[in-house]
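Biologist: Please take me through one part of this chain at close range. Start at a single loop residue and work outward from there.

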Amino acid sequence: MSSLARPTDDPPDGTAPVPVSLEPDHTSHLFDDGNAERYRRSVTEVVERVASRLSRVDRPFTGITAAELEPEFAAIDLDKPLGDPAEALDELERVYLRDAVYFHHPRYLGHLNCPVVIPALIGETVISSINSSLDTWDQSAGGTLIERRLVDWTTERLGLGAAADGVFTSGGTQSNLQALLMAREETRERALADPRDAAWTAADVLPRLRVLTSEVSHFSIAKSAALLGLGYEAVVSVPCDLERRMRPAALAAELDRCRREGLIPMAVVATAGTTDFGSIDPLPEIADLCAEAGVWLHVDAAYGCGLLVSRRRHLLDGVERADSVTVDYHKSFFQPVSSSAVLVRDRATLRHATYHADYLNPRRAAGELVPNQVDKSLQTTRRFDALKLWLTLRIMGADGVGGLFDDVLDLAAAGWALLDEDPRFEVVVRPQLSTLVFRYLPPGAAEDPDLVDAVNLHSRAALLASGDAVVAGTKVDGRHHLKFTLLNPRTTPGDIAAVLDLVADHGRRYLSEPAGRELSGSRAS
Ligand SMILES: *Cc1c(COP(=O)(O)O)cnc(C)c1O
């Protein structure tokens with residue numbers, strides 16, 4: 001294993017073989033029995049570095065721009081390896097670790113990124129080292145059963161019944177796509193079998209399919225409709241109430257309209273935790289309407305799934321009536337990306353993701369009862385992400401995870417109270433989960449909506465550039481707002497108050513320093 005040179009063929013003049021190369025033996029990099037010590041040393045070293053970085057992070061971000069960071073890359077020649085892990089990690093410090101956005105920092109309030117729990121990180125090390133692939137049993141013995149147990153555990157928490165099943169996916173986007181694929185196929189089969197529509201062909205059905213979802217549902221619903229050949233036009237946007245929850249009466253009206261116009265509702269997608277507002281659509285009322293109309297109900301609980309283990313489980317009441325559900329453990333279960341699943345009430349519907357390949361999962365093997373996850377998945381080779389959640393549940397337990405999520409929901413309630421009583425700000429909705437959408441109203445300028453937009457855009461950019469805090473933004477009724485997504489149980493109301501002061505300071509400075517305004521160039525158009 002440690003030979004540094006390879007002998008050449010004997011030279012023709014009969015002299016002794018000479019080494020011609022001093023190339024290292026790259027098999028020393030392989031994760032194998034001969035290199036267990038190198039593996040131990042390398043992984044320990046990188047953990048030491050990350051831990052040391054972790055203890056030095058004092059802001060969520062350094063504020064670096066891509067233009068400032070790019071020159072670091074100019075000197076790197078990917079065809080000239082450094083050889084030494086320590087040197088490569090030094091370089092990584094400069095190009096990544098030093099300036100990364102750190103989600104664990106209490107003033108990271110940006111997107112739906114959670115701090116991750118250490119039990120899951122233990123899992124990550126095992127996942128990528130053993131490198132099981134969850135498609136077939138002969139690539140993931142044991143892993144397949146761990147994933148299946150977690151799928152069952154989740155469907156039990158959801159209350160989907162004895163015939164339920166599901167599969168882990170790369171994220172909510174893929175889960176939503178797969179759910180809508182199943183809805184499309186089930187609806188199409190039913191429409192073609194319906195004697196009232198005997199004249200219909202497959203080609204007639206596709207353009208008539210509609211997906212009904214609220215105006216603030218996740219964009220992956222629209223994207224899925226497009227990917228599934230329905231087009232963006234197939235998505236019917238259902239109006240919300242002031243709390244940004246789908247209005248059942250509006251849904252009923254749209255279902256009615258579909259029927260009158262000869263359109264076929266293929267799925268209603270309810271959101272349990274909208275990305276922008278954390279609002280939860282009224283699931284029982286929506287489930288009633290779906291049952292009445294015979295329409296597939298998909299619940300996108302990518303964000304709200306943490307409620308399954310929280311004291312507020314009742315907020316998900318009605319989810320047990322769904323035909324399919326999306327959960328993102330990498331949002332509210334404090335899991336590292338990726339960790340997500342799509343769950344279904346009737347396991348038979350997963351057949352729409354099945355394709356028999358002779359080399360992998362031949363039809364003849366289907367009867368052999370060898371557990372095989374590729375038949376349920378859009379992916380083939382697939383990471384053993386389930387192991388992270390497994391170790392999390394085995395070490396911390398579900399109540400531990402739920403307790404962390406409850407802490408951020410309590411924090412959101414406290415943050416809303418702060419915003420609500422602060423005349424500098426206007427807050428949009430009282431959160432059901434953990435987002436706060438608001439905007440700064442500059443004194444004296446509140447009547448100029450374009451200026452209010454510009455001030456808020458500026459405050460967000462200025463905060464990011466300072467690195468003191470990271471906040472998100474979104475539009476509400478066409479106007480720029482700021483958004484805190486709270487997923488860190490370590491964030492305190494004091495952090496929220498401090499970041500609000502920073503927002504207001506940047507806003508005030510923007511208004512009082514016209515020169516700075518030109519530089520930032522963020523006046524809304
Ligand atoms: C985040 C999110 C998604 C998409 O999930 P990814 O894991 O980012 O692919 C879908 N729906 C909702 C409601 C979300 O918040």
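Modeller: Start with D477, which counts as exposed because its relative accessibility is 66%, and the cut-off for exposed is over 50%. Keep in mind that this is a predicted model. D477 sits in the loop that links strand 11 (470–476) to strand 12. Its backbone deserves a look. The phi of D477 is positive, about 50°, although D477 is not a glycine.

Now step along to strand 12, which covers residues 479–485. F484 is part of that strand. Is F484 buried or exposed? F484 is at 0% relative accessibility, so F484 counts as buried; the limit for that label is under 20%. Who surrounds F484? Leaving aside residues up to four places away in sequence, F484 touches L109, S434, T435, L436, F438, V471, I496, V499 and L500. Take V499 from that list. V499 is 15 residues from F484 in sequence. In space, their C-alpha atoms are 9.9 Å apart.

V499 leads us to helix 16, which spans residues 493–512. V499 is among the buried residues of helix 16. The full buried set is D495, I496, V499, L500, L502, V503, A504, H506, G507 and Y510. Of these, I496, V499 and L500 are contacts of F484. Helix 16 has 20 residues. From first to last C-alpha it reaches 29 Å, close to the 28 Å expected at 1.5 Å a residue.

Step back to the whole chain. The domain assignment gives domain 1 (132–388) and domain 2 (400–524). Their centres, taken over C-alpha atoms, are separated by 33 Å. Where the domains meet, 25 residues of domain 1 are in contact with 22 residues of domain 2.

Next, a second positive phi. N131 has a phi of about 60° and is not a glycine. N131 lies in the loop between helix 4 and helix 5 (137–140). N131 counts as exposed, because its relative accessibility is 56%.

N131 directly follows helix 4. That helix covers residues 118–130. Its 13 residues should span 18 Å at 1.5 Å a residue, and the end C-alpha atoms are 19 Å apart, so the two agree. Buried in helix 4 are P119, A120, G123, E124, I127 and S129. What do the buried residues of helix 4 pack against? Their partners are helix 1 (36–56) and helix 13 (386–395).

Now the sheet. Seven strands form an open sheet in the order 2-8-7-6-5-3-4, with mixed pairing. Strand 2 (165–169) and strand 4 (235–238) are the edges; each has a single partner strand, so one side of each lacks a neighbour in the sheet. On average, neighbouring strands here are turned by 20° against each other, direction ignored. Strands of a sheet pair through backbone hydrogen bonds, parallel or antiparallel. Strand 2 pairs with strand 8 (residues 340–344) in the antiparallel sense, over five bridges. V167 has V342 in strand 8 as its bridge partner.

At the other edge, look for helix 9 (residues 219–227). Helix 9 lies across strand 3 (209–214), strand 4 and strand 5 (264–271). Its direction is at about 160° to strand 4.

Just ahead of strand 8 comes a backbone oddity. The peptide bond from V337 to S338 is cis, with omega near -5°. S338 is in the loop between helix 12 (329–332) and strand 8.

Last, the cysteines. How many disulfides are there? The count is zero. C290 has C258 as its nearest cysteine by sulfur, and that sulfur is 12 Å away. C290 is at 4% relative accessibility, so C290 counts as buried. For C305, the closest cysteine sulfur is in C114, at 9.7 Å, which is too far for a bond. C305 counts as buried too, because its relative accessibility is 1%.

Conventions:
Residues are numbered from 1 along each chain as its sequence is written. This is a predicted model: local features need pLDDT of at least 70, side-chain atom pairs count only at pLDDT 80 or more; totals for chains, interfaces and linings use all residues. Side-chain values use heavy atoms; hydrogens and water are left out. Helices (H or I, at least four residues) and strands (E, at least two) are DSSP runs, numbered from the N terminus. The expected span of a helix is 1.5 Å times one less than its number of residues. Buried means under 20% relative accessible area, exposed over 50%, partly exposed in between (1.4 Å probe, protein chains only). Contact means heavy atoms within 4.5 Å. Two strands pair if DSSP finds at least two bridges between them. Axes are lines fitted to C-alpha atoms, for helices over the stretch in contact, and angles run from 0 to 180 degrees between N-to-C directions. A disulfide is a pair of cysteine sulfur atoms within 2.5 Å. Domain bounds come from an automatic or database domain assignment.
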